[in-house]
Amino acid sequence: MQLQHIPLDQLDVSAFNMRHAKRPPDVADILPSVRARGILQPLLVRPNGEPDHYEIVAGRRRYFAARAVAEERGEIEPLPCAVMEPGDDAGALEASLIENVARLDADEMSQYETFVRLTREGKSVAEIAETFGITEIMVKRRLALGNLLPRIRAAYRKDEIDAETVRHLTLASKARQKDWLALFDDPEQYAPRGYQLKQWLFGGQSIPTGVALFPVEDYPGQIVADLFGEDAYFADTDLFWQKQNEAIAAKRDTLLAAGWGEVVVLEPGQGFRSWEHEKTPKKKGGKVYIAVSHRGEVEVHEGWLSRKEARRAARQAAGTAGEGEAPAVPRPEVTKAMQTYLDLHRHAAVRLALVAHPGAAFRLLVAHAVASSGHWQVKPEPQAAPTEAIAESIATSPAQQAFATERREALTLLGRSEDHHTVAQPGYDAYLTAAVFARLLTLCDEDVLRIAAFVMAETMEAGSAVVEAVGNHLNVDAGQHWQPDDAFFDLIRDKAVINAMLAEVADKAVADGNVAAKAKTQKKIIRDCLDGSNGRAKVEGWRPGWMAFPVRACTETGSLKTAEEWARVRCLFNAE
């Protein structure tokens with residue numbers, strides 16, 4: 001059995017339901033409850049053979065009550081359902097559902113208090129849902145009641161506010177909830193409810209001056225006030241967001257300067273879910289979350305960690321970390337796919353440089369012979385790419401194409417056909433070794449060194465400390481053979497990294513002015529600067545610290561595999 005929410009139009013009464021042939025039932029006794037609270041006890045359903053369609057085995061009256069509410073309001077949310085699997089006994093499942101739901105207090109505020117207590121005891125949302133035979137969405141909705149002001153929760157418990165209204169209020173900021181309470185408490189005012197409340201909260205684009213994090217007098221645009229001057233709004237929302245983002249960025253910088261280890265700026269409308277976090281002070285590694293609503297309201301939540309992070313920190317503080325449990329590591333700046341992308345492009349640039357320096361390549365070849373023992377087997381770097389986009393980016397890069405030209409020259413010197421994909425041959429073949437040796441005896445030292453340099457470059461491992469060592473020794477400028485392409489931008493996921501890149505390409509003011517903007521928007525500004533389009537001055541020769549030699553991270557707190565590799569070997573080269 002699986003619990004899930006299913007839209008009303010994907011449900012039909014099963015022919016096996018004992019009341020299937022009868023006319024629609026009288027649902028007058030349960031209709032008020034469904035209007036106010038929705039469907040609480042899951043229907044029992046099973047697939048009917050059509051894609052995404054189910055037939056109701058038990059719960060016919062709840063289904064018709066939901067249909068009645070949908071006709072009244074024009075819509076209704078998907079219904080909680082228990083989906084039968086082959087071999088399930090309908091009678092036993094229905095009895096189990098009834099028994100589980102009966103264990104749950106009918107009052108939703110009591111359910112909220114129960115669920116909060118269970119989460120504090122370490123229960124997950126999935127475990128709570130399984131315990132009471134309800135869906136995870138229903139558990140999350142009860143936990144979301146914690147976002148409400150106490151006055152609103154009390155009014156809901158007294159049935160002074162309906163469930164749909166409360167559900168919309170859980171999405172509102174504390175300031176917006178206070179605005180609604182002022183209307184609710186004033187007998188001469190109308191407090192919107194249900195669908196009208198949703199429109200009131202999210203329907204308009206007018207942004208009141210009261211939500212500004214910056215001094216209103218610093219806003220250079222027009223401010224529109226009503227006839228009585230009680231409310232005022234920003235006429236230019238784009239200009240407001242620029243100023244608001246700058247203020248958010250300044251707030252972030254102030255918090256970091258105050259000693260907070262990390263400040264997370266959430267995307268507009270994402271919201272901060274307190275029930276998924278635990279209060280943690282600054283000295284114990286707590287973070288700060290800055291939530292920004294679609295209306296521009298800013299809420300700062302200081303001293304929180306996700307439950308997983310908090311429990312790991314508690315175990316480490318108590319000295320009871322599990323055996324073999326890895327310590328907390330800095331958040332990686334790049335995904336695994338992006339790291340592969342960087343490794344391959346850096347490898348392409350370094351090995352092309354190595355071909356032009358046969359003396360260094362020959363010494364590196366000797367180093368391989370010294371460091372290895374037994375049967376030394378050389379194989380070319382496979383340059384395996386996890387996606388077609390990365391493979392295409394590498395194949396079309398100038399460094400890769402120039403290296404292919406060098407491969408053809410080396411094959412010609414060895415007297416081989418250009419059909420060979422590599423110069424180095426994996427495996428061991430005594431005849432081939434003797435044939436290559438005989439060929440090399442006929443070549444001058446310069447040609448042998450050229451072949452040695454190419455073989456060393458072709459067999460150099462991508463993403464290794466060797467790439468970092470050679471790249472730094474030869475002062476490789478990867479920007480001569482690489483430009484940021486579509487694959488590069490598609491692989492960037494971390495918003496802090498994107499904002500840091502924006503500060504490098506444009507400037508800090510532009511980056512701060514877009515700190516809460518979507519990642520897609522910030523990437524677009526970077527590309528406009530690099531292309532000189534959409535009115536942006538063209539930036540020449542930019543490359544991220546990820547592609548530099550020595551390599552450097554884009555943010556102060558992020559980790560980078562190539563930087564760690566260079567740190568391992570830099571002392572060998574007397575690097576500062």
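Reader: How many bridges join strand β1 to β5, and do the two run parallel or antiparallel?
Author: In this predicted model, strand β1 covers residues 2–6 and is joined to β5 through bridges. One point of register is given by H5, which stands opposite P80 in β5. The bridges joining β1 to β5 number five, and the two strands run antiparallel.

Reader: Which residue of β5 is the bridge partner of V45, and in what sense do β3 and β5 run?
Author: Strand β3, residues 43–47, is joined to β5 by three bridges, and these two strands run parallel. In β5, the bridge partner of V45 is V83.

Reader: Which residue in β4 is the bridge partner of V45?
Author: Strand β4 spans residues 54–58 and pairs with β3 in the antiparallel sense, over four bridges. Within β4, the residue that serves as bridge partner of V45 is I56.

Reader: Which strands stand at the edges of the sheet, and why is one side of each left without a neighbour?
Author: The sheet is open and mixed in its pairing, with five strands in the order β1-β5-β3-β4-β2. Each edge strand has a single partner strand, so one side of it has no neighbour in the sheet. The strands at the edges are β1 and β2, the latter formed by residues 11–13.

Reader: What does the twist average from one strand to the next?
Author: The value belongs to the open sheet of five strands, in which the pairing is mixed. From one strand to the next, the twist averages 45°.

Reader: How many residues of β5 are buried, and which of them lie on each side?
Author: Buried here means under 20% relative accessible area. L79, C81 and V83 on one side of β5 and P80 and A82 on the other are all buried, so that both faces are covered. The strand is therefore largely enclosed by the rest of the structure, the count of buried residues being five of the five.

Reader: What should helix α13 span at 1.5 Å a residue, and how far apart are its end C-alpha atoms?
Author: Helix α13 runs over residues 336–355, and 18 of its 20 residues are buried, which leaves it mostly covered. At 1.5 Å a residue the helix should span 28 Å, and this agrees with the distance between its end C-alpha atoms, which is 29 Å.

Reader: Which residue forms a salt bridge with D253, and how many residues apart in sequence are the parts that the pair ties together?
Author: The closest N and O atoms of the pair are 3.1 Å apart, and the partner of D253 is K508. K508 lies in helix α22 (residues 508–513) and D253 in helix α11 (residues 237–257), so the pair ties together parts of the chain that are 255 residues apart. Both count as partly exposed, K508 at 46% relative accessibility and D253 at 28%. The residue asked for is K508, and the separation is 255 residues.

Reader: Which residue meets E77 in a salt bridge?
Author: E77 sits in the loop between α2 (60–73) and β5 (79–83), and its partner belongs to helix α8 (residues 163–169), 90 residues apart. E77 is partly exposed, with a relative accessible area of 31%. The side chains meet at 3.1 Å, N to O, and the partner is R167.

Reader: How many salt bridges does the structure hold?
Author: One of them joins R450 to E406, with the closest N and O atoms 3.5 Å apart. R450 lies in helix α18 and E406 in helix α16, so this pair ties together parts 44 residues apart in sequence. For the structure, the number of salt bridges is 29.

Definitions and conventions
Residues are numbered from 1 along each chain as its sequence is written. This is a predicted model: local features need pLDDT of at least 70, side-chain atom pairs count only at pLDDT 80 or more; totals for chains, interfaces and linings use all residues. Side-chain values use heavy atoms; hydrogens and water are left out. The expected span of a helix is 1.5 Å times one less than its number of residues. Buried means under 20% relative accessible area, exposed over 50%, partly exposed in between (1.4 Å probe, protein chains only). A salt bridge is a side-chain nitrogen of Lys or Arg within 4 Å of a carboxyl oxygen of Asp or Glu. Two strands pair if DSSP finds at least two bridges between them. Axes are lines fitted to C-alpha atoms, for helices over the stretch in contact, and angles run from 0 to 180 degrees between N-to-C directions.
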